[in-house]
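Subject: Structure handover and notes

Dear colleague,

I am passing on the structure we spoke about, so that you can look through it before reading my notes. Please open it alongside this message.

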Amino acid sequence: MVLKLKDAYGLWQAYLPHFPKGNRYTLGSRIDDVFLNAIEFCFLASYSREAEKIALLDRCIARVDLLKLLLALAWDIKAMDSKKYAHLSEYIAEIGRI
């Protein structure tokens, strides 16, 4: 799961410079933070004991769900075009299934 998140983040980093300047430092920055938090929680869960792992995975899942919402918001306000949104959403949906 960490590798899938890493790949999705790499894709996000390619899309971020194309965000409108007005949204890049607000919504774009927030999406970036949520991506990094999800990667961090997932990574920490992979090295944790089972009791801690469940709590960390719950936090990771919550971040991935928030990420879906923020990406949909970016698409709704036209900060991200449909093709980029669809491509990134495929990665996020696959992460959600894992």
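Below are the notes, taken helix by helix and then contact by contact.

Please keep in mind throughout that this is a predicted model.

The helix at the start

Helix α1 covers residues 2-15, and its 14 residues reach 20 Å from the C-alpha of the first to that of the last, close to the 20 Å expected at 1.5 Å a residue. The buried residues in α1 are L5, A8, Y9, L11, W12 and Y15. They sit on the same side of α1, because the arc they cover around the axis is only 160°. As for what covers these buried residues, the list includes α3 (27-46), α4 (50-76) and α5 (82-97).

Helix α3

In α3 there are 20 residues, which at 1.5 Å a residue should span 28 Å, and the end C-alpha atoms are 29 Å apart, which agrees. The buried residues of this helix are L27, G28, I31, D32, V34, F35, A38, I39, F41, C42 and A45. Their cover includes α1, α2 (21-24), α4 and α5. L44 is also found in helix α3, but with a relative accessible area of 37% it is partly exposed. Although L44 and V2 are 42 residues apart in sequence, their C-alpha atoms are 9.8 Å apart in space.

The loop after α3

The loop between α3 and α4 holds S48, which counts as buried because its relative accessibility of 18% falls under the 20% cut-off. A polar atom of the S48 side chain lies 2.6 Å from the backbone oxygen of L44, so in this place you can follow a contact from the loop residue to a residue of helix α3. Leaving aside residues up to four places away in sequence, S48 touches K53 and L56.

Helix α5

The 16 residues of α5 should span 22 Å at 1.5 Å a residue, and its end C-alpha atoms are indeed 22 Å apart. In this helix L88, I92 and I95 are buried. These three lie on the same side of α5, because they cover an arc of only 45° around the axis. On the other side of α5 you will find K83, E90 and R97, which are exposed. The buried residues of α5 pack against α1, α3 and α4, and α5 in turn is among the elements that cover the buried residues of α1 and of α3. At the start of α5, a side-chain oxygen of D81 comes to within 3.2 Å of the backbone nitrogen of K83.

Salt bridges

Side chains that carry opposite charge can pair when their charged atoms come close. How many salt bridges does a search of the whole structure find? The search finds three, and I describe each of them below.

- K4 and E94 meet through their side chains in a salt bridge, at 2.9 Å from N to O. This pair links distant parts of the chain, with K4 in helix α1 and E94 in helix α5, 90 residues apart. K4 is partly exposed, at a relative accessible area of 28%, and E94 also counts as partly exposed, at 29% relative accessibility.

- K6 and D7 form a salt bridge between their side chains, at 3.8 Å from N to O. K6 is partly exposed, with a relative accessible area of 49%, and D7 counts as partly exposed at 36% relative accessibility.

- K68 and D65 form a salt bridge in which the closest N and O atoms are 3.8 Å apart. Both residues lie in helix α4, three residues apart, which is about one turn of the helix. K68 is partly exposed, with a relative accessible area of 37%, and D65 is partly exposed as well, with a relative accessible area of 42%.

If you would like a place to begin, you might take α1 and α5 together, since α5 is among the helices that cover the buried residues of α1, while the salt bridge between K4 and E94 links these two helices.

With best wishes

Key:
Residues are numbered from 1 along each chain as its sequence is written. This is a predicted model: local features need pLDDT of at least 70, side-chain atom pairs count only at pLDDT 80 or more; totals for chains, interfaces and linings use all residues. Side-chain values use heavy atoms; hydrogens and water are left out. Helices (H or I, at least four residues) and strands (E, at least two) are DSSP runs, numbered from the N terminus. The expected span of a helix is 1.5 Å times one less than its number of residues. Buried means under 20% relative accessible area, exposed over 50%, partly exposed in between (1.4 Å probe, protein chains only). The arc is that of the directions from the helix axis to the C-beta atoms. Contact means heavy atoms within 4.5 Å. A polar contact is a pair of N or O atoms within 3.5 Å; within protein, one must be able to donate a hydrogen and the other to accept it, and residues adjacent in sequence count only if both atoms are side-chain atoms. A salt bridge is a side-chain nitrogen of Lys or Arg within 4 Å of a carboxyl oxygen of Asp or Glu.
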